[in-house]
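Hi everyone, thanks for coming. Let me put the model up on the screen, and then we'll walk through how its parts fit together.

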There are 4 protein chains.
Amino acid sequence: MCGIIGIADHQHAAQKAYLGLFALQHRGQEAAGIIAADRGRLAGRTALGLVAEAFPDRVLREIRGRAAVAHVRYATAGGSDLVNAQPLLFETVHGPIAIAHNGTLTNALHLRRKLESQGAIFRTSADSEVIVHLIARLPGPIEGAIAGALKQIDGAYSLIFLTPGKLIAVRDPRGFRPLCVGRLGRAPVFASETNAIHQMGARFVREVEPGELVVVHDGRLRSLKPFGPLPAPTQCVFEEIYFARPDSRVFGLSVQATRRALGRELAREMAPVKADVVVPVPDSGVPAALGFSRESGVDFEMGIVRSHYIGRTFIQPAQVLRDNSVNLKLSPIPEALRGKRIILIDDSIVRGTTSRRICRMLRRAGVAEIHMAICSPPIVSSCYYGIDTPRREELIAARGPVEATRRFIGVDSLTYLSTEGLLRAVGSRDFCLACFTGRYPTRIMDFEAALPSRVKTARPAAAKSPMGVA
Amino acid sequence: MCGIIGIADHQHAAQKAYLGLFALQHRGQEAAGIIAADRGRLAGRTALGLVAEAFPDRVLREIRGRAAVAHVRYATAGGSDLVNAQPLLFETVHGPIAIAHNGTLTNALHLRRKLESQGAIFRTSADSEVIVHLIARLPGPIEGAIAGALKQIDGAYSLIFLTPGKLIAVRDPRGFRPLCVGRLGRAPVFASETNAIHQMGARFVREVEPGELVVVHDGRLRSLKPFGPLPAPTQCVFEEIYFARPDSRVFGLSVQATRRALGRELAREMAPVKADVVVPVPDSGVPAALGFSRESGVDFEMGIVRSHYIGRTFIQPAQVLRDNSVNLKLSPIPEALRGKRIILIDDSIVRGTTSRRICRMLRRAGVAEIHMAICSPPIVSSCYYGIDTPRREELIAARGPVEATRRFIGVDSLTYLSTEGLLRAVGSRDFCLACFTGRYPTRIMDFEAALPSRVKTARPAAAKSPMGVA
Amino acid sequence: MCGIIGIADHQHAAQKAYLGLFALQHRGQEAAGIIAADRGRLAGRTALGLVAEAFPDRVLREIRGRAAVAHVRYATAGGSDLVNAQPLLFETVHGPIAIAHNGTLTNALHLRRKLESQGAIFRTSADSEVIVHLIARLPGPIEGAIAGALKQIDGAYSLIFLTPGKLIAVRDPRGFRPLCVGRLGRAPVFASETNAIHQMGARFVREVEPGELVVVHDGRLRSLKPFGPLPAPTQCVFEEIYFARPDSRVFGLSVQATRRALGRELAREMAPVKADVVVPVPDSGVPAALGFSRESGVDFEMGIVRSHYIGRTFIQPAQVLRDNSVNLKLSPIPEALRGKRIILIDDSIVRGTTSRRICRMLRRAGVAEIHMAICSPPIVSSCYYGIDTPRREELIAARGPVEATRRFIGVDSLTYLSTEGLLRAVGSRDFCLACFTGRYPTRIMDFEAALPSRVKTARPAAAKSPMGVA
Amino acid sequence: MCGIIGIADHQHAAQKAYLGLFALQHRGQEAAGIIAADRGRLAGRTALGLVAEAFPDRVLREIRGRAAVAHVRYATAGGSDLVNAQPLLFETVHGPIAIAHNGTLTNALHLRRKLESQGAIFRTSADSEVIVHLIARLPGPIEGAIAGALKQIDGAYSLIFLTPGKLIAVRDPRGFRPLCVGRLGRAPVFASETNAIHQMGARFVREVEPGELVVVHDGRLRSLKPFGPLPAPTQCVFEEIYFARPDSRVFGLSVQATRRALGRELAREMAPVKADVVVPVPDSGVPAALGFSRESGVDFEMGIVRSHYIGRTFIQPAQVLRDNSVNLKLSPIPEALRGKRIILIDDSIVRGTTSRRICRMLRRAGVAEIHMAICSPPIVSSCYYGIDTPRREELIAARGPVEATRRFIGVDSLTYLSTEGLLRAVGSRDFCLACFTGRYPTRIMDFEAALPSRVKTARPAAAKSPMGVA
């Protein structure tokens, strides 16, 4: 749940990286960082908060150099631990190296314990630090050391490395997380999503392929395939359903068109639909609701308004607001809803508590019947590949039948899209569906003890206080 | 372009006012203030920035008392002048008095010069300070002094006053700006829009009527009509078109339904429509585009995405962003637009520069034809009643025929809603249409010299530096 | 307890005023402000905190113009009320006017009630606002209006006014507070103390005389004596004893030399002195202790060290520190004190609690005998002329005989300087000794009801919260 | 040029450490940090700025646990590199470990290159990180690993380590930097200077001896001597002359008494002294000037006043101030100096530029003759043991004879204390005099290439930007 950017051979590398981060802000709001390479040195800044907060003008202008790597980090519980903010920057036998990581490793803890027993010391709780330790123990050149390190790693990673001389981008062999290449004039750029490529003023060229390692050096771009024969791709389908921005292409698909297709498939599965209006939970439900409306013929209505002013600043609002956050973020339009039978479209249900609050709000606004339609199958398993789903016990769909969920949320009916419908909408089988099926495509060594109930302490501990090591 | 809140007889008056301000944040992002009455004193805080930034928990908790008045102020050019932030607080012969004002007076400068010649001293450049001076020169009770003062005033005002014993709400005789009453349990509440009433957990009771003065004292609510026979109402139609939130009722109309009707009327006037998709400029164009799509039968498409992260924090982003602000706020979905003939729906055109940038962006995304459809008539005159339109020379529609605007913006066709269509959509003639017609319903003494080209210095000077008096 | 600065006809007026404020920082740490006159406008800034905190580079650079007035304000209890920070800035019939005030008026409340009854409105609780109201009701030219206003005023004031065309400095007829004139090249400068004149790079010319009004206009300096025959001066002797900086001349006396003389006189009155060392309470006691040591022949010892890091930043240290503030600010040098009989020199005793804590600290460090020697007479009355002494009941010397004070503080002997000794040290009778004698040289109308026990609420209320009017 | 604190077995460990840091603030103003051990975890905070700025109440309260280690860091040029702020916190095979370091290692770069070649990765440019790497490669128990690591280290270090179970304090075999032990009730405390022991409310017990390693575990204090036969101590004499606080005992000497003795020795060497007054450069010159005055019989005068408000806040004052910093910090008292022949006492001369500015200021104040008397020998060599002296070329005494320095500073005569006088004053030969003699008591491997002109880049680079690795 992070976003990464790389750029080389450009006069305003840090400024362009900043524009790119801005477009990836939805992938992480907790912290932001930019490191640039300038005359043999790497230097930059990481800070807590939104990109615009972390990089005031004067700070941004000080980050000089023709290549840069950048990162936004997702807000994890309780975390204001700047020490973990990326890009991480280390000095090694290969010289200084910066790393930006999107994804989660599944054997990092195992490797960390082994490295510690060999005398390694760790400063962060980030699994990404393990990668740098492995690299530092292998001979150069740096791209060889990186490839050698990644062969020891399991899990999900899209990575961008920066050294004083090279920019290196990699996607794991299964391609869990997205990463794409573009060109800004002649300068190569990398970003998690295509909208960032466009935001930087660059043109989209192609995706980095699963298992591909791209080296940018002296203006040339070299593609390596260090992993040998690759398994079938298992790209994260949740990027399409919820996580990516609708104006991006991800894994070759237009995100908005895919969400529209999800709504259309759901309408087909629910046909015939008897309702007065189709109402999306904004904003992620809007494209699907439009697809559903078109397919079903039921009128589309923006019956819920989303505030632009909630939850978007690092400055915490007063407690009185935080106690009521759903009500502040979303508000119903009584005139559009009163006495109506509505199809309420949302992308997914995790714990069910948010949906319940929304439905209570709709009831108070006078809705007659709520038929909740979810554009994905029930989430029954935790994700170990970078999506911050809670542990299994907290997933409402893992705790009981659909009827129980329906009663908990308080709706008149509840329908999920089938796995088949989902696959029809995305038009391919090259996706990871583990959160819907429990079938994980890789070993998940660090978490195995935790299955089926994932134990919090089994992963590198999230710091409770600003800085801490357990 | 401000929002105001009042509440009386409630244990958590300031906290509730804060919730209300939050819902009115779209009416003003520059500054926020809350003043409460506690044991014979008035005290509180005004600060620059968004409500959530201006009132951290610890500050909000310190504002005690059972009655409060609150205000959000619109960002005016160059202004970080805290001294003008409202509610203004003065001590007078009537005791302390706080005032929150939405609207603009049209003879304030004239009155100010007269008051100064009588020895009055002014601390702010706000026209609202004139009102307090007039009140202080009239005998009590306070509601009588307020009525006497307002009889000398021309222009647009919805006002809430707070004294240690009374809360008083007034709307000017023509009702330019909205103001409504609700009940939170037994506690009377006032707010610019109904969505704030709901956000506070209260129920909407009715609008304060044009020319009505409501006194809350000792738990009782008294309605006065001090102005004698009233002129026909001239409520601001721009509140319906653009300014108010879609989940509010304003002047008795559902804002969202009204905007939908504007789109429907425009579709009728443009029929038959030949296009592939109807695309709104988000967010204000969405309801109208839905209405247009329904009426015309042309498919609705969210072809432009609005970022949630731009312009929402008091902290200024780096210069590199501010140079490109439209591109950052809005981005097209190429897959949804490429090769299409689109109807682009927006609420209005002011200078035309924003529309031009949007259309260039759409061209780059591959749109084949852009037919721009504006849900209001051309804006040809400045507003002197509280909407921050620029001076006449900067209004593109005042500078040439529609064809010139079309060429400037760079679209294939440009259609405005007719004044008749606008009146059909709002279903009444009780509105001010001055910005479309140039026919001002009141004297505008302060600005007369400035007509037709309104001179900036003719109004109380906007401070350039943090604090200043010309 | 404030410091004021004025400067005219200088290219960098605000920057020079800033340097001057820096030198007056000891006169007020709560708030700072600078207002400059630029092309017919007055503009500037006031902010809470130390001068260096209130005026970062970027803010200071924005304050343009060739004349400026500036102010530092003393930290009054609980007060973070920016609205009262000076210079105050108002617009009047004379045009804009800024005022910086050092001193306290003794009939401000009386005048304020009268002005309010005539329709005046007040924004601050500062007595200085009354002066501006009086000025605004009198005909020009401005210096005439100022003189007319001040004739209605009782109490202590050194004032600097700024208008777009003139800089005007006044000292009250009795000369309670200091004010001096200098020249920076040809530019006239005014400051509360001579050290600020020097800090600005200017040369000291003379003091503004009691009852003198100096007008700077078009590069010329005109002296007016509007008050007619003047009473004998009653300059504040406490400026010499404690308040002013030792590197200043105040009322024609070198402050450091005067303090040395106070110590010398005290040594004479206490002769013969039997002790091992003379130890000052730093920093204000140092010059007196040196004088005492020289006169008595007893060795001088810096036995107490003062921390440079306590209480000097606007950022409040953690509670654990504030609970112990004396211990953190001052610490003994055990090696220099153990087993010694010491003469402990301090400038004055107010409540006695600080002295008690210091003496306990010295006992713990092993001091054998403490003979406390105070370089001024017992303080038995509150000051109504600008020194922030507490009300009479809290003055330990007003509550009982010297012996009771000695026991409370816990010293072996306690000696105050006699009034005669004090007068010998300052070499003149032109001083106000009211705090030692209770004989006030003027009417103190606002406080009369409060005598002998001054009632807090009898003065314009100090705001408890950021902004408030009782 | 840092200060360190340790405490174990106390309920409010972090709060007490905070009090201790406060007393060591003069040893470092750039950054502060506190790490505590709580239920098997280490957590805390480091921040830029003064202690009071870095630890607001709410932050301090969150640092829980019964043992803590703390650090203040000296302001190095350009450095706002939080990543280097101490205590450093790492996770190793021994579990989490925090380290606070005062001193400089002289073979850290050499060891770092060796460790990197073995795969170690470095996050900071602090030489202290090398120590942790060495520890992590040795078997437990932790105190054995620490001893083993330190045997590989050359240079100056007083160190405090914290693990979840143990607190360990060490002083290097030559005892360059001070470290002492105290007891707060039964809780063992450690601090760089005795004044911090007292500030924490504890009693001084003894110094940690050179080459001693003290382990606190389960309430018991164990002393180890892991280094075998020790060389003669070479304690830093500059701690006595300038660096330590006068209310501390350092290396068994009262700092204030030692400074007084330095002044006395200097007076003897200069006898007979012909002058009107002895004037110290405050504050460090005060005790020596008192000693000089007593010995020579020449009158002591506080002729220069030091501002309490300059340079004490993290917030940078405006540029106009920084251009003039000496003038703002120190100001002369003309009345005390005019026409006088003065002995100006200072502790040392480094570049000579500060002395020159002070003397120019004194000339402007009318001093007739300035005889500068320095209480230490000429500084001719850089320090590699933790005092931040500049490189040799910038040391004025290394660049020419005393007569050249005298002319540069602009005084009538210039006298340094002799090395013999210095040794008489400190009463022992167990001191490092390298800065006066160029005879370094240890290998200084990292810097050897740099001798005699120390090359800046030879040490781990100080980051210019917030975070950076060369």
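Okay, start with two of the copies: a turn of 180 degrees and a shift of 0.0 Å along the axis lays chain D on chain C, with an RMSD of 0.0 Å. That's how a two-fold axis relates things. The superposition is by least squares on the C-alpha atoms of residues with pLDDT of at least 70 in both copies.

Quick housekeeping: this is a predicted model, where local features need pLDDT of at least 70, side-chain atom pairs count only at pLDDT 80 or more, and totals for chains, interfaces and linings use all residues. Residues are numbered from 1 along each chain as its sequence is written, while chains are lettered from A and ligands numbered from 1 in the order in which they are written.

So how many residues does the contact take from chain D and from chain C? It takes 42 residues from chain D and 42 residues from chain C, where contact means C-beta atoms, placed from the backbone, within 7 Å. On the chain D side, helix H1 (residues 13-23) gives the largest share, 4 residues; a helix here is a DSSP run of H or I, at least four residues, numbered from the N terminus. And 100% of the interface residues of chain D are also interface residues in chain C, so the copies meet through the same surface.

Now over to chain A. An automatic or database assignment sets the domain bounds, giving domain 1 (2-231) and domain 2 (249-440). In chain A, the C-alpha centres of domain 1 and domain 2 are 32 Å apart, and 18 residues of domain 1 are in contact with 10 residues of domain 2.

Key
Two residues are in contact if their C-beta atoms, placed from the backbone, lie within 7 Å. Helices (H or I, at least four residues) and strands (E, at least two) are DSSP runs, numbered from the N terminus.
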